[in-house]
Amino acid sequence: KKANKKKAKDMVRKDKAAVVRGRQKRVASADLDAMSRWPLSTCYIGASWHERGCHVRAVLTRYHEQGRLAAAYFEVDLEEHGVLDAWQRADWKSGEFEDFIGSLGEHVEPMEMCEPGLVKKLIDTAEPMTQDFPEGWPQAMAMLWDVAPEGPAFVTGQEPTGEAEKASVGF
């Protein structure tokens, strides 16, 4: 009898947890929809973005007038793999986002400010190369829905190594 009572309580707890998770997903989805409509703000791209086949990170931000900041992060390999990582995060605390960009610059590569269109162009270039999209891809891409690709072309692939290969691409 005690075991059945415990089993019933466990089932109720699991059901409640499932309901809460469902609500959280719906709220997160609604929040993402709202955030993706906030005005575009400062964007960043790794300093090596102009190199052939670069492995680069890019961040697009949206800022709400009440001080909320949302960001979409992308890690891209233009040599051969395309998009390696993508995620979206909302409600950065004051100074937290700046610390994040600073740590990328310090530990990975320097980050430069850029126009949102350059981030979009990077993603549009990497997307066809991508075999397996990261889990956060849909949420990160939702932040780019209204951004038009702009800027110089990205060069994919490896640097030519042999003389014949260099001649064929105009070196």
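# A walk through the sheet, its helices and its cores

Let us start where one helix meets the sheet: α2 lies across β1, β2, β3, β4 and β5, and its direction makes an angle of about 170° with that of β2. The model you are looking at is a predicted one. With that view in mind, we can step back and take in the whole chain.

The protein has five helices and five strands. Followed along the sequence, these elements come in the pattern α-β-β-β-β-α-β-α-α-α. Of the 171 residues, 37% count as buried. The accessible surface comes to about 10700 Å², and carbon and sulfur atoms account for 51% of that surface. Among contacts between residues at least 6 apart in sequence, 64% join residues at least 24 apart.

Now to the sheet itself. Its five strands are arranged in the order β4-β3-β2-β1-β5, forming an open sheet with antiparallel pairing. β4 and β5 stand at the edges with a single partner strand each, so one side of each has no neighbour in the sheet. On average, neighbouring strands are turned by 20° against each other, direction ignored. As a general point, strands of a sheet pair through backbone hydrogen bonds, either parallel or antiparallel.

It helps to cross the sheet strand by strand, beginning at the β5 edge. β5 and β1 run antiparallel and are joined by four bridges. One residue to look for here is Tyr44, whose bridge partner in β5 is Met113. Moving on, β1 also pairs with β2, again in the antiparallel sense and over four bridges. Tyr44 appears here too, standing opposite Val59 in β2.

From β2 the next step is to β3, and this antiparallel pair has nine bridges. Within it, Ala58 stands opposite Phe74 of β3. The two strands form a hairpin with five residues between them, and Gly67 in the turn has a positive phi of about 95°. How enclosed is β2 by the rest of the structure? Seven of its nine residues are buried, so β2 is largely enclosed.

Next, look at how nonpolar residues gather. In soluble globular proteins, nonpolar side chains tend to be buried together. The largest nonpolar core in this model has 31 residues, and Ile45, Phe74 and Leu122 touch the most other members. The elements that contribute two or more residues to this core are α1, β1, β2, β3, β4, α3 and α4. Which of them gives the most? That is α3, with five residues. Leu122 gives a good idea of the connections: leaving aside neighbours within four places in sequence, Leu122 is in contact with Ile45, Val56, Ala58, Val76, Leu78 and Phe154. There is also a second, separate core of 11 residues, and its members include Ala71, Tyr73, Trp92 and Phe97.

Charged side chains add another set of links, with six salt bridges found in the whole structure. One of them joins Asp146 to Arg62, with the closest N and O atoms 2.3 Å apart. This pair links distant parts of the chain, because Asp146 sits in the loop between α4 and α5 while Arg62 belongs to strand β2, 84 residues away. Are these two partners buried or exposed? Arg62 counts as buried because its relative accessibility is 0%, whereas Asp146, at 38%, counts as partly exposed.

Two further salt bridges are worth finding. Arg89 pairs with Glu96, the closest N and O atoms being 2.9 Å apart. Arg89 is partly exposed at 31% relative accessibility, and Glu96 is also partly exposed, with a relative accessible area of 29%. In the other, Asp33 is joined to Arg37, and the closest N and O atoms are 3.5 Å apart. Here Asp33 counts as partly exposed at 42%, while Arg37 counts as exposed at 53%.

Finally, visit two loops beside β4. Most residues other than glycine have a negative phi. Asp91 has a positive phi, near 55°, although this residue is not glycine. Asp91 is placed in the loop between β4 and α2, and counts as partly exposed at 40% relative accessibility. The other loop, between β3 and β4, holds Glu80. Glu80 is partly exposed as well, at 46% relative accessibility. The C-alpha atoms of Glu80 and Gln131 are separated by 9.9 Å, with their positions 51 residues apart along the chain.

Conventions: Residues numbered from 1 in each chain as written. Predicted model: local features only at pLDDT ≥ 70, side-chain atom pairs only at ≥ 80, totals over all residues. Heavy atoms only, no water. Buried < 20%, exposed > 50% of the residue type's maximum accessible area, 1.4 Å probe, protein only. Pairing = 2+ DSSP bridges. Axes fitted to C-alpha atoms, helices over the stretch in contact; angles between N-to-C directions. Contact = heavy atoms within 4.5 Å. Core = buried A, V, L, I, M, F, W, Y, C linked by side-chain atoms within 4.5 Å. Areas by Shrake-Rupley, 256 points an atom, 1.4 Å probe, with all protein chains shown as cover. Salt bridge = Lys/Arg side-chain N within 4 Å of Asp/Glu carboxyl O.
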